[in-house]
Amino acid sequence: MKRLKPINQKASRIEAFLKHEAATANDDLDVVGLRTPPHEESGPHFPLGCSLQFSPGWEVDNRGGTAGLCQPVERDIFDCHISCFWPAHVPDQLNHSPDWTGKCAAAQKDWRKLDLIFP
Amino acid sequence: MTTSMVTNASGRTSADSFVALRDFHAFEAFGARFLYMVPSAGIFRMDDCGSAILDALEAGPLSKNDLTEKLQESFDLDRTLETLEELNEIRAIGRPDAPKEEAPNDLPPADFPLNTMVLNVTNKCNLACTYCYEYGEDKIIDTQYGKQPKFMSEDTAEESVEFLLKQSGTQPRAHLTFFGGETLLNFPVLQKTVAYARRRAAEERKTISFSLTTNATLLKPEIIQWLADNDIGVTVSIDGPKPVQDGLRVFHNGRGTYDVVLPKIKELIATHRSRPIGARVTLTQKHLNILEIYRHLTDELGFREVGLAPVTTQDHRDYAITPESKDSMLEQFKELAAEWLEHALRDEHHGFTNVTDTIEEIHKGVSKAYGCGAGLGLLGVATDGDVSLCHRFAGSPEHTIGTVSDGVDRKKQEQFLVDHHIAEKTDCHKCWARPICSGGCYHEAHVQYGDSSHANLHYCTWVRSWTHTCLEIYGALAERNPKFLERYDA
């Protein structure tokens, strides 16, 4: 921290946390898929994705395997909306946000470019 | 953090985004500005640019462009942007629609270790203090004719020690406090319990420490020697100089206690040198000359530490402190606090423990889910072995959560922890002092509102003002004598 100075112990912990966040910001492991084993050195593993819940059809991908399970969770919105029956809350692409998917050519690669929309 | 384009409802896009102030409490010391972050309780010192940004946002949210434009005469753009980024990271500023930060609504783990057990070795007392919460008008337990025996038996005390050692889990240390009634009325059991606890703790490879609270009337040379030899921490309940002490702290026949306790306390302080002897003062409407009380107890009697607490009672009692008197009490607390700071700046000890305790919490940055450790890391045991939230509730069926022989009823304990969590105290959610106050004492709330989970709203203004004072002291030390604060590092 260059401009603000942490004074008490909690502030130092916040600074250390922010430093750690910044150092790992570009790691490919910032979002962990269901099939990825827990990353013990960086804390507990919270798996994200639909198949955590038992709902027929969602323990496997659309080919009956596990390779294409919805993951990471950020991709779910998009994938649910494009390729699955499940309705998902996505921006209105007809009227207000026609360019929402403009930068997301391939969801698996570009999902980070999908942004939130504020009215 | 995403910094991409934002689209609004009308389809217009703008590369700029708005920022607004978030939840914190600002305070100053020696001209420097600090932020006490809520709810994290981290404290950050602002530089000129940080202060200017906060001032500019005081009137309401601004777009980043407008903000940097406003500051461009005083600070170069890089510096402003860097400071903005850091303020955003510590969550002092953020998007105007950013959700309010709340501490996680998590319950502590079920095997949370017991750290301190308060053993009510007797509920009998040789005094009849008017304001007593055990025998006075606000008592919640029938101490006179209730089901609890007057004295704790040796067996129950030993069972309690076993309970403490077991419940302390993997913690290497445990602490046992003896309480009453008047603790020394059951001195034989006290002595045996200390010996037993020491032996059993050694067998379990734990260290155990002891303390007790007494009204000092029953101190004798051999008892004082035993307390010193056994390294027992002693707190004396005493209210001040003779007219103050004799006003409400009286024997059953109404006679004042000052002349009886004076020589005993002097002997205790002279003999027991291994641990500082503390005085615990109950403040009432009858005597609120706090400075006089403090000086008497430290300068004339020789107490090393003095802690003062307003009486717990309902508003209509004649000794209940009125709102006006609370203001005067606060002013006097502030005067003593300023004195504490002067001492700390010179690396000297000052005995006003109300400041010491708060500074320690501020230094660590505690952000509490509960007002205190009662029902969790601290439990009280009644004379029959019933386990309650704390010593003030010992024997109250409503607040009993187990027995030393059968252990804690985890369901009851969990319900208590759910009901008393800060997340349930909606009154507190807008208050910046909630990390350190968390709604306050359960017993105080029970007496005032008939509900231990109620936030102590009658003390809100007081707590905020006092916390602000302690934050200023902390800031002053951080500016002028930061080394002093290292003593609170552990």
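**Entry 1: a strand pair across the chains.** I looked up the residue opposite A:Pro6 and found B:Phe44, which lies in β6(B). I keep in mind that this is a predicted model. I then turned to the strands themselves: β1(A) is joined to β6(B), residues 43-45, by two bridges. The two strands run antiparallel.

**Entry 2: the wider contact between A and B.** I next examined how many residues take part. On chain A there are 19 residues in contact with 28 residues of chain B. For the side of chain A that touches chain B, I listed the elements giving two or more residues, and these are β1 (5-6) and α1 (9-24) of chain A. I noted that α1(A) gives the most, with five residues. I also sorted the residues of this side by character: 10 are nonpolar, four are polar and five are charged.

**Entry 3: the loop after β6(B).** I followed chain B onward from the strand. B:Asp47 sits in the loop between β6 and α1 (48-57) of chain B. Is B:Asp47 buried or exposed? I record B:Asp47 as partly exposed, because 17 other C-beta atoms lie within 10 Å, and a residue counts as buried at 20 or more and as exposed at 12 or fewer. I also checked B:Asp47 against B:Phe34: the two are 13 residues apart in sequence, and their C-alpha atoms are 9.1 Å apart in space.

**Entry 4: chain B as a whole.** I counted 15 helices and 18 strands in chain B. The radius of gyration of chain B is 26 Å, close to the 23 Å from the globule rule for 490 residues, so I describe chain B as being as compact as a globular protein of that length. Along the principal axes, the C-alpha atoms of chain B fill a box of roughly 80 × 50 × 45 Å. I found that 39% of the 490 residues of chain B count as buried. Considering contacts in chain B between residues at least 6 apart in sequence, I noted that 71% join residues at least 24 apart.

**Entry 5: domains of chain B.** The domain assignment gives domain 1 (20-94) and domain 2 (116-414) of chain B. I recorded 44 Å between the centres of these two domains, taken over C-alpha atoms.

**Entry 6: helix α14(B).** Why do I call α14(B) largely enclosed by the rest of the structure? I do so because six of the eight residues of this helix, 442-449, are buried. I identified the buried residues as B:Tyr442, B:His443, B:Glu444, B:Ala445, B:His446 and B:Gln448. After α14(B) comes B:Gly450, for which I noted a positive phi, near 70°.

Definitions and conventions:
Residues are numbered from 1 along each chain as its sequence is written. Chains are lettered from A and ligands numbered from 1 in the order in which they are written. This is a predicted model: local features need pLDDT of at least 70, side-chain atom pairs count only at pLDDT 80 or more; totals for chains, interfaces and linings use all residues. Two residues are in contact if their C-beta atoms, placed from the backbone, lie within 7 Å. Helices (H or I, at least four residues) and strands (E, at least two) are DSSP runs, numbered from the N terminus. Ala, Val, Leu, Ile, Met, Phe, Trp, Tyr, Cys and Pro count as nonpolar, Asp, Glu, Lys and Arg as charged, and the others, Gly among them, as polar. Two strands pair if DSSP finds at least two bridges between them. Domain bounds come from an automatic or database domain assignment. The radius of gyration is taken over C-alpha atoms; the globule rule is 2.2 Å times the number of residues to the power 0.38.
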